[in-house]
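Please look over the structure shown here before reading on. The report that accompanies it is arranged by topic under short headings.

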Amino acid sequence: MTASIASPAAPSIPVRHPHLDLSAVPRHWNGGDPFATHFMNALSSTFPDGEAFFVKSVMAARDQIDDPLLQRRIRAFAGQEGQHSRLHDAHTKLLIDQGYTGIATRNRIGRFLMDLSVRKTPRASLAATAALEHLTAILARRLLCESERFTAAMDPTMSTLWRWHALEEAEHKSVAYDVLMRVQPSYALRVFMLAQNTLGLLVEILDRTAYMLWKDGVLFRRATWRSGWRFLFGPQGFLRGMGRDYWRWYRRDFHPDAIDDTSLLESWRPRIEAEIRSAIA
Ligand SMILES: [Fe+2]
Ligand SMILES: [Fe+2]
């Protein structure tokens, strides 16, 4: 069986332009806990260049798509990811201003390698994008299903940032996959790319987290890693509940819209849009 392409149930993809002032976000904005904060900082700081890479990878395949609906979804996907890059870039600048300057170096190297990848291996880049969009969609779904667990301890501006991003990741989760299925519908390629990028992202996040903990002078404290273990693997841990959706990618008939987020999106859309409006006011 081959993977299905597109989905009539694909949700609409509105491009929102939130204005969040991150200047007053405290250094340890996630429950006052250095590990929990820096793990999320690490993730956030990969987004500006990572999401620009997603957009370039999808746009590079755009002229091979003759479906006008998919063309419109590509434009909306690019619009949403552009907004995510903008706000996570503001957050990354805040981190650099706080003294975590090694993040800028890591981003410069990452940008160079990702630009090279789009130019030299466009199909592998598109498959990597679809795979990484699967990871962000899983995280988005968990964050929206269990918002209290993920965001209750966060600074309110940061929790709005993560909820808004999660909503839009769930809205556009099938775009890169549908483009990949039109351009290079290879099961082996997409399976390899998810395995490779899961490992790559894990190493990247742990490196960035360790660097920021080192800058805080708490990297080698036992309490830091005890709390890190609890944050990742504890009963309310960050990684709890992600496995089932993750493994679905490896099924031959996988399609992102087979994981139905419709009611989740319907219940969150008005609440998150209200949050964004009140943040502007
Ligand atoms: Fe995004
Ligand atoms: Fe995305």
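What follows describes a predicted model, taking the metal sites, the salt bridges, the nonpolar core and the aromatic rings in turn.

## The two iron ions

The iron ion (ligand 1) is coordinated by Glu-51 (OE), Glu-81 (OE), His-84 (ND1), His-165 (NE2) and Glu-169 (OE), with distances of 1.8 to 2.3 Å. Read along the chain, these donors follow the spacing E-x29-E-x2-H-x80-H-x3-E. Two of the residues show how the site draws on separate parts of the chain: His-84 belongs to helix H2 and Glu-169 to helix H6 (residues 156–171), so the pair ties together parts that are 85 residues apart in sequence. Both His-84 and Glu-169 are buried.

The iron ion (ligand 2) takes its protein donors from Glu-81 (OE), from Glu-133 and Glu-169, each of which is listed with two OE donors, and from His-172 (NE2), and these donors lie 2.0 to 2.7 Å from the ion. The spacing of these donor residues in sequence is E-x51-E-x35-E-x2-H. The angles among the 6 donor atoms run from 53 to 155°, and the site is classed as irregular. An octahedral site would need opposite donors over 155 degrees apart and all other angles between 65 and 115, so a set of angles that reaches down to 53° does not qualify.

The two sites are joined, since the iron ion (ligand 1) and the iron ion (ligand 2) lie 3.7 Å apart and Glu-81 bridges them. Glu-169 is likewise named among the donors of the iron ion (ligand 1) and among those of the iron ion (ligand 2). The relative accessibility of Glu-169 is 2%, and this residue therefore counts as buried, while His-172, with a relative accessible area of 0%, is buried as well.

## Salt bridges

The structure holds 20 salt bridges. One of them is formed by Arg-182 and Asp-67, whose closest N and O atoms are 3.5 Å apart. Because Arg-182 lies in helix H7 (residues 175–183) and Asp-67 in the loop between helix H1 (34–60) and helix H2 (68–97), this pair ties together parts that are 115 residues apart in sequence. Arg-182 is partly exposed, its relative accessible area being 33%.

A local pairing is found between Asp-89 and Lys-93, where the closest N and O atoms are 2.7 Å apart. Both residues lie in helix H2, and the 4 residues that separate them amount to about one turn of the helix. Asp-89 is partly exposed, at a relative accessible area of 28%.

Arg-141 and Asp-261 also meet through their side chains in a salt bridge, at 2.4 Å from N to O. This pair links distant parts of the chain, with Arg-141 in helix H4 (residues 122–145) and Asp-261 in the loop between helix H10 (243–248) and helix H11 (262–280), 120 residues apart. Asp-261 has a relative accessible area of 5% and is buried. Elsewhere, Arg-16, Glu-168, Glu-171, Arg-269 and Glu-273 are joined into one network by salt bridges that share partners.

## The nonpolar core

The largest nonpolar core has 80 residues, and those with the most contacts inside it are Phe-39, Met-40, Trp-162, Val-179, Phe-231, Phe-238 and Trp-249. H4 supplies the largest share of this core, 12 residues. Beyond its neighbours within four places in sequence, Phe-231 is in contact with Asn-30, Phe-35, Ala-36, Phe-39, Met-40, Gly-237 and Phe-238.

## Aromatic rings

The count of aromatic pairs comes to 17. Among them, Phe-231 and Phe-238 form a stacked pair, at 5.6 Å centre to centre and with 25° between the planes. Both of these residues are buried, and ring pairs link them with Phe-35, Phe-39, Phe-150 and Trp-225 into a cluster.

Phe-35, a member of that cluster, has its place in helix H1 and is buried, with a relative accessible area of 1%. Leaving aside neighbours within four places in sequence, the contacts of Phe-35 include Thr-209, Leu-213, Trp-225, Phe-231 and Leu-232. The C-alpha atoms of Phe-35 and Trp-229 are separated by 9.2 Å, although these residues are 194 residues apart along the chain.

Note on methods: Residues are numbered from 1 along each chain as its sequence is written. Chains are lettered from A and ligands numbered from 1 in the order in which they are written. This is a predicted model: local features need pLDDT of at least 70, side-chain atom pairs count only at pLDDT 80 or more; totals for chains, interfaces and linings use all residues. Side-chain values use heavy atoms; hydrogens and water are left out. Donors are N, O and S atoms within 2.8 Å of the metal (3.2 Å for Na, K and Ca); water is not among the atoms, so sites may look incomplete. Four donors count as tetrahedral if all angles lie between 85 and 135 degrees; four count as square planar and six as octahedral if opposite donors are over 155 degrees apart and all others between 65 and 115; anything else is irregular. Buried means under 20% relative accessible area, exposed over 50%, partly exposed in between (1.4 Å probe, protein chains only). A salt bridge is a side-chain nitrogen of Lys or Arg within 4 Å of a carboxyl oxygen of Asp or Glu. A nonpolar core is a set of buried Ala, Val, Leu, Ile, Met, Phe, Trp, Tyr and Cys residues joined through side-chain atoms within 4.5 Å. Contact means heavy atoms within 4.5 Å. Rings of Phe, Tyr and Trp (its six-membered ring) pair if their centres lie within 6.5 Å; planes under 30 degrees apart count as stacked, over 60 as edge-to-face and the rest as tilted.
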